[in-house]
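Here are a few exercises to work through with the model open in your viewer. Try each task before you read its solution.

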Amino acid sequence: MREISGHTRTCGLIGNPVEHTLSPVLHNTLAEHMEQELCYVPLKVAEGALEAAVKGAYALNLLGTNVTVPYKSDVIPYLKDIDPLAEKIGAVNTLVRVDGGFKGYNTDMPGLYRAMCSDGVQIEGEKVLILGAGGVARAVAVLLADKGATEIILLNRTVEKAQKIADEVNAFVGKKLAFGMANEDYRKLPEGEKYLVIQATSVGMHPNDKDVVITDEAFYEKVHTGYDLIFNPSETRFMQLVKAAGGKAYNGAKMLLYQGVIAYEYWTGTNVSDELAQIAYEAMQAAGK
Ligand code: NAP
């Protein structure tokens, strides 16, 4: 157990619920190994109390916080400043203390990118399918456009939401790169084409481990790599179907790791080595069991 002294700085996670988070394990492991006087705690914020929580966190000299569901967009009006990428994505998951308040960042997408690089999954030049059109799918679409995907197709139960994100991405890049389709429209995808598929719905999360958005095995013949953003269970039904059809499959645990690592680097002005990230990853895996 590390000693808490008068010099210890506090960071934490603003959200609701926060009881099941692995972020304290991640950040406290990093602080311990880097011998930094920093302590990370859950900060549950009740509905309607977000503004008071952000102001209070600043008044209490917090070094920074993460922000999770349901406050990633709602927190934006209470920031002193916002990073351009977070503004483009429309969601903030990290607050960094600056003069007079907090600056908001989105480390989810750089975190996903670092995770994909670490797993050897390439975006540039790829045709990519995104399953889902929620907050995270929108951010993933922005990341893919930024990193050189040649085609982005969003498949969603509510097709209007997929089309809206596609229109926004096309407006950012100034060309028709993204398309929205209904889930069942996967049957219209061209014969023989293989895709990188990012699973960005909440379908298949524990305790609904057996659920998957597309059950048809024929769909998985079109997938060379499946990247599920869900990390619990560690092998989702989606991943099983991708592997059964001969593709490579990854879960969202490394995205969770790296979004935290990047936040930690912002708060402390340090670089976390790959070796230490791996130690923190193993601590999270052990705590998540
Ligand atoms: P969200 O905004 O609530 O969006 C959920 C998406 O799932 C929507 O596209 C929704 O379709 C779809 N969906 C939900 N239930 C469905 C069903 N029964 N059948 C078909 N589609 C269904 O959620 P989000 O914030 O984007 O997060 C999505 C997931 O990303 C989370 O569940 C989490 O697992 C993962 N995530 C991972 C990390 C990480 O660090 N690894 C970080 C953040 C999030 P409709 O639009 O039709 O409702």
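**Exercise 1. Find out how many bridges join β7 to β8, then place the pair in its sheet.**

Solution. Keep in mind that this is a predicted model.

Step 1: pull up β7 (residues 127-131) and β8 (residues 151-156); the two run parallel, and five bridges join them. For a handy landmark, look at L129, which sits opposite I153 in β8.

Step 2: zoom out to the whole sheet. It's an open one with six strands in the order β9-β8-β7-β10-β11-β12, and the pairing is parallel. β9 and β12 (248-250) have a single partner strand each, so one side of each is left without a neighbour in the sheet. On average, neighbouring strands here are turned by 20 degrees against each other, ignoring direction.

Step 3: add helix α6 (residues 159-173). This helix lies across β8 and β9 and runs at about 180 degrees to β9.

**Exercise 2. Work out the strand order of the open sheet with mixed pairing, and say which strands are at its edges.**

Solution. Step 1: walk across the six strands, and you get β2-β1-β3-β5-β6-β4. The edges are β2 (38-44) and β4 (81-82), each of which pairs on one side only.

Step 2: see what packs on this sheet. Helix α1 (residues 23-33) touches β2 and β3, and its direction makes about 165 degrees with that of β2.

Step 3: check the join between β1 (residues 9-15) and β3 (residues 64-67). They run parallel, with four bridges between them, and G12 stands opposite T65 in β3.

**Exercise 3. Is N66 buried or exposed, and what does its side chain pair with?**

Solution. Step 1: locate N66 in strand β3. Its relative accessible area is 2%, and the cut-off for buried is under 20%, so N66 counts as buried.

Step 2: look for a polar partner. The side chains of N66 and T94 make a polar contact of 3.3 Å.

Step 3: list the company N66 keeps beyond four places in sequence. Its contacts include G12, L13 and I14, along with H27, Y40, Q259 and W267.

**Exercise 4. Do the same for E193: where is it, and which residues does it touch?**

Solution. Step 1: go to the loop between β9 (178-182) and β10 (195-199); E193 is there. At 26% relative accessible area, E193 is partly exposed.

Step 2: leaving out residues up to four places away in sequence, E193 touches K127 and K222. With K127 there's a side-chain to side-chain polar contact of 3.4 Å.

Step 3: get a sense of distance. E193 and I279 are 86 residues apart in sequence, and their C-alpha atoms are 38 Å apart in space.

**Exercise 5. Which residues have the most contacts inside the largest nonpolar core?**

Solution. Step 1: as background, nonpolar side chains in soluble globular proteins tend to be buried together.

Step 2: in this model, the largest nonpolar core has 61 residues, and L112, I130, Y227 and L257 have the most contacts inside it. Helix α9 (residues 253-268) gives the most, with nine residues.

Step 3: follow L257 outward. Beyond four places in sequence, it touches L26, A277, A280, Y281 and M284.

Step 4: don't stop at one core. A separate second one has 19 residues, among them M181, Y195, V212 and V242.

**Exercise 6. How many disulfides does a search of the whole structure find?**

Solution. The search comes back with zero. Take C39: the nearest cysteine sulfur belongs to C11 and is 9.0 Å away, whereas the cut-off is within 2.5 Å.

Terms used
Residues are numbered from 1 along each chain as its sequence is written. This is a predicted model: local features need pLDDT of at least 70, side-chain atom pairs count only at pLDDT 80 or more; totals for chains, interfaces and linings use all residues. Side-chain values use heavy atoms; hydrogens and water are left out. Two strands pair if DSSP finds at least two bridges between them. Contact means heavy atoms within 4.5 Å. Axes are lines fitted to C-alpha atoms, for helices over the stretch in contact, and angles run from 0 to 180 degrees between N-to-C directions. A nonpolar core is a set of buried Ala, Val, Leu, Ile, Met, Phe, Trp, Tyr and Cys residues joined through side-chain atoms within 4.5 Å. Buried means under 20% relative accessible area, exposed over 50%, partly exposed in between (1.4 Å probe, protein chains only). A polar contact is a pair of N or O atoms within 3.5 Å; within protein, one must be able to donate a hydrogen and the other to accept it, and residues adjacent in sequence count only if both atoms are side-chain atoms.
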